[in-house]
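Me: I should like a close look at a single part of this protein and at what surrounds that part. Please give one connected account, with the rest of the chain brought in as background.

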Amino acid sequence: RVELFEAHTHTRPIHIACGPGTMAKLLTHHDKFHVHAILGVGALAHFVLRFLCLFLGGGKDTFTPGIVSALTLGIHFFLHASSFQFAIPPRRMFSKPMIWKEFRVHNAIFAYRHLLTASLGIWVRDWWLGAPSFSSTVAKIAIVMATMRLADEATQRLGSREDRTTNAMPYGDEPEVFEKTAKWFYAKSQMIATALAAFG
């Protein structure tokens, strides 16, 4: 079954079909020159490479200042930027597991937080990951607070303060304990992700 939703571009509203066949296509004409797909494959390959280096290298950090780190992080920077070329539902569709505008912006905000702090940990390692100084502590707090402020602004403009990303997630007929466990996991994951962004 294929349904239509209306997505507004800069010039006019367009209707996009969404269904099992549509969602399964990773290479589509919506992705100009397949830039997003190529960057996505590159990002996955980068993850695999870093984990292989981590495990095979005895836990040694393989990120060093230089062109390789700049290029590999650049893949992730441009991957999120390229996602904004796609027309997606303006509001959450509770009947389908589809990304919507608020969620896309949230993804970009939190991803760029990590990319920014990873860059600081690579190029100014001693200042960012060493013994906390006044300036590094202020910078960490500023980045964490700015991220949350930007996420709130995205929700204010594109989402709903009542039906948030995780608290309004539909769980169908799953037992209540499943929903509570999932929400507990999401909450703890957000705390850990913030800590990793600030302290590496």
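**Helix 6 and its surroundings**

Reply: The account below rests on a predicted model. It begins with the whole chain, then turns to helix 6 and the parts beside it, and ends with a separate loop.

The chain has seven helices and two strands. Read from the N terminus, the order of elements is β-β-α-α-α-α-α-α-α. Of its 200 residues, 28% count as buried. Among contacts between residues at least 6 apart in sequence, 59% join residues at least 24 apart. The chain exposes about 13,500 Å², and carbon and sulfur atoms supply 70% of that area.

Helix 6 covers residues 134–158, which makes 25 residues. Does its length fit, or fail to fit, what is expected at 1.5 Å a residue? The expected span is 36 Å, and the end C-alpha atoms of helix 6 are 36 Å apart, so the two values agree.

Which residues of helix 6 are buried? They are Ser 136, Ala 139, Lys 140, Ile 143, Val 144, Thr 147, Ala 151, Ala 154 and Thr 155. An α-helix has 3.6 residues a turn, so residues three or four places apart point the same way. The buried residues of helix 6 pack against three other helices: helix 4, helix 5 (125–129) and helix 7 (176–199).

Two of the buried residues, Lys 140 and Ile 143, can be followed to particular partners. Lys 140 lies over the face of Trp 128, at 3.8 Å from the ring centre. A second arrangement of this kind is found with Arg 50, which lies over the face of Phe 63 at 3.7 Å from the ring centre. The structure also holds five aromatic pairs.

Ile 143 leads to helix 4, which comprises residues 101–123 and includes Thr 117. Leaving aside neighbours within four places in sequence, Thr 117 is in contact with Trp 128, Ile 143 and Ala 197. Trp 128 thus appears twice in this account, as a contact of Thr 117 and as the ring beneath Lys 140. Why does Thr 117 count as buried? Its relative accessible area is 5%, and because the limit for a buried residue is under 20%, Thr 117 qualifies.

Beyond helix 6, the loop between helix 6 and helix 7 holds Tyr 171. Because its relative accessibility is 13%, Tyr 171 also counts as buried. Apart from neighbours within four places in sequence, Tyr 171 is in contact with Thr 166, Phe 178, Glu 179, Ala 182, Lys 183 and Tyr 186. One of these partners, Ala 182, is 11 residues from Tyr 171 along the chain, and their C-alpha atoms are separated by 9.6 Å.

A loop elsewhere in the chain deserves a note on its backbone. Phe 33 lies between helix 1 (20–23) and helix 2 (35–56), and His 34 is found in the loop between helix 1 and helix 2 as well. Phi of Phe 33 is near 60 degrees, a positive value in a residue other than glycine; phi of His 34 is likewise near 60 degrees. Most residues other than glycine have a negative phi. Phe 33 is exposed, because its relative accessible area is 76%, and His 34 counts as partly exposed, at 32% relative accessibility.

Notes
Residues are numbered from 1 along each chain as its sequence is written. This is a predicted model: local features need pLDDT of at least 70, side-chain atom pairs count only at pLDDT 80 or more; totals for chains, interfaces and linings use all residues. Side-chain values use heavy atoms; hydrogens and water are left out. Helices (H or I, at least four residues) and strands (E, at least two) are DSSP runs, numbered from the N terminus. Buried means under 20% relative accessible area, exposed over 50%, partly exposed in between (1.4 Å probe, protein chains only). Contact means heavy atoms within 4.5 Å. The expected span of a helix is 1.5 Å times one less than its number of residues. Rings of Phe, Tyr and Trp (its six-membered ring) pair if their centres lie within 6.5 Å; planes under 30 degrees apart count as stacked, over 60 as edge-to-face and the rest as tilted. A charge sits over a ring if NZ of Lys or CZ of Arg is within 6 Å of the ring centre and within 35 degrees of the ring normal. Accessible areas come from the Shrake-Rupley method with a 1.4 Å probe; for residues, only the protein chains shown count as cover.
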